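Student: Hi! Could you walk me through this structure in simple terms?

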Amino acid sequence: MADATEDFFHGLARRGHDRRLRAIDEGSVRFDISREGRTDHWLVSIDKGDIRVTEEATGGDAVVEADRAVFDRIASGEAYFLTTVLRGEASVAGSPRLFATVRRLFPPPPSSGGAATPGRRP
């Protein structure tokens with residue numbers, strides 16, 4: 001059964017290129033996602049916006065560690081990546097520049113409810 005985390009990584013692999021990531025000449029982020037005593041590894045490699053996703057347990061210029069339930073919330077847009085890191089629900093290690101760019105891969109932060117969006121009429 002597919003879930004938000006798998007859907008997220010498979011979607012990145014299908015995307016193939018993301019112009020927002022052109023600033024990264026070459027870099028990779030390994031995601032270590034744990035659940036029930038098991039850890040799945042996803043390596044996202046980026047080269048001038050070209051994205052490649054593999055299931056590798058080694059490598060990465062940066063590493064994200066998170067529980068599967070937390071990452072499912074991030075991948076589905078229910079939680080914001082940076083907020084989960086600041087709350088200690090996920091951890092990051094490695095290149096801050098790479099994280100600043102890679103966070104663009106995730107869905108936008110959840111809406112604050114009924115707050116109006118600037119420049120948009122209700």
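Student: Let's start with glutamate 36. Is that residue buried or exposed?

Tutor: Glutamate 36 counts as exposed, because its relative accessibility is 77% and the cut-off for exposed is over 50%. Keep in mind that this is a predicted model.

Student: Where does glutamate 36 lie?

Tutor: Glutamate 36 sits in the loop between strand 1 and strand 2. Its phi is positive, about 50°, although it is not a glycine.

Student: Why would anyone point out a positive phi?

Tutor: Because most residues other than glycine have a negative phi.

Student: And what about lysine 48, what is its phi?

Tutor: Lysine 48 is a residue other than glycine, and its phi is positive too, near 50°. You'll find lysine 48 in the loop between strand 2 and strand 3.

Student: OK, zooming out. How many helices and strands are in the protein chain?

Tutor: The protein chain has 4 helices and 5 strands. If you read along the sequence, the pattern is α-β-β-β-β-α-α-β-α.

Student: How much of the chain counts as buried?

Tutor: Of its 122 residues, 36% count as buried. As for contacts between residues at least 6 apart in sequence, 65% of them join residues at least 24 apart.

Student: Now the strands. In what order do they come in the sheet?

Tutor: The order is 3-2-1-4-5, in an open sheet of 5 strands with mixed pairing. Strand 3 (50-54) and strand 5 (90-94) stand at the edges, and each has a single partner strand, so one side of each has no neighbour in the sheet. From one strand to the next, the twist averages 15°.

Student: What holds paired strands together in general?

Tutor: Strands of a sheet pair through backbone hydrogen bonds, and they can be parallel or antiparallel.

Student: Which way do strand 4 and strand 5 run, parallel or antiparallel?

Tutor: They run antiparallel, and 5 bridges join strand 4 (residues 62-67) to strand 5. For one pair to look up, valine 63 has alanine 93 of strand 5 as its bridge partner.

Student: Which strands does helix 1 touch?

Tutor: Helix 1 packs on the sheet and touches strand 1 (27-35), strand 2 (38-47) and strand 3. The direction of helix 1 makes about 25° with that of strand 2.

Student: And which ones does helix 2 touch?

Tutor: Helix 2 also packs on the sheet, touching strand 1, strand 2 and strand 4. Its direction makes about 110° with that of strand 4.

Student: How do helix 1 and helix 2 pack together, at what angle?

Tutor: Helix 1 (residues 4-15) and helix 2 (residues 68-76) pack at about 50°, and their axes are 8 Å apart. That angle is why the two helices are called oblique to each other. Their crossing is left-handed.

Student: Which residues make that contact?

Tutor: From helix 1, they are Ala4, Thr5, Glu6, Phe8 and Phe9, and from helix 2, Arg68, Phe71, Asp72, Ala75 and Ser76. Sorted by class, there are 5 nonpolar, 2 polar and 3 charged residues in the contact.

Student: Last one! Where is proline 96 found?

Tutor: Proline 96 is in helix 4 (residues 96-102). With 65% relative accessibility, proline 96 counts as exposed. Its C-alpha atom is separated by 8.3 Å from that of alanine 62, although the two residues are 34 residues apart along the chain.

Terms used:
Residues are numbered from 1 along each chain as its sequence is written. This is a predicted model: local features need pLDDT of at least 70, side-chain atom pairs count only at pLDDT 80 or more; totals for chains, interfaces and linings use all residues. Side-chain values use heavy atoms; hydrogens and water are left out. Axes are lines fitted to C-alpha atoms, for helices over the stretch in contact, and angles run from 0 to 180 degrees between N-to-C directions. Angles under 35 degrees count as roughly parallel, over 145 as roughly antiparallel, 65 to 115 as roughly perpendicular and the rest as oblique. A crossing is left-handed if the near helix is turned anticlockwise from the far one by less than a right angle, and right-handed if clockwise. Contact means heavy atoms within 4.5 Å. Ala, Val, Leu, Ile, Met, Phe, Trp, Tyr, Cys and Pro count as nonpolar, Asp, Glu, Lys and Arg as charged, and the others, Gly among them, as polar. Two strands pair if DSSP finds at least two bridges between them. Buried means under 20% relative accessible area, exposed over 50%, partly exposed in between (1.4 Å probe, protein chains only).
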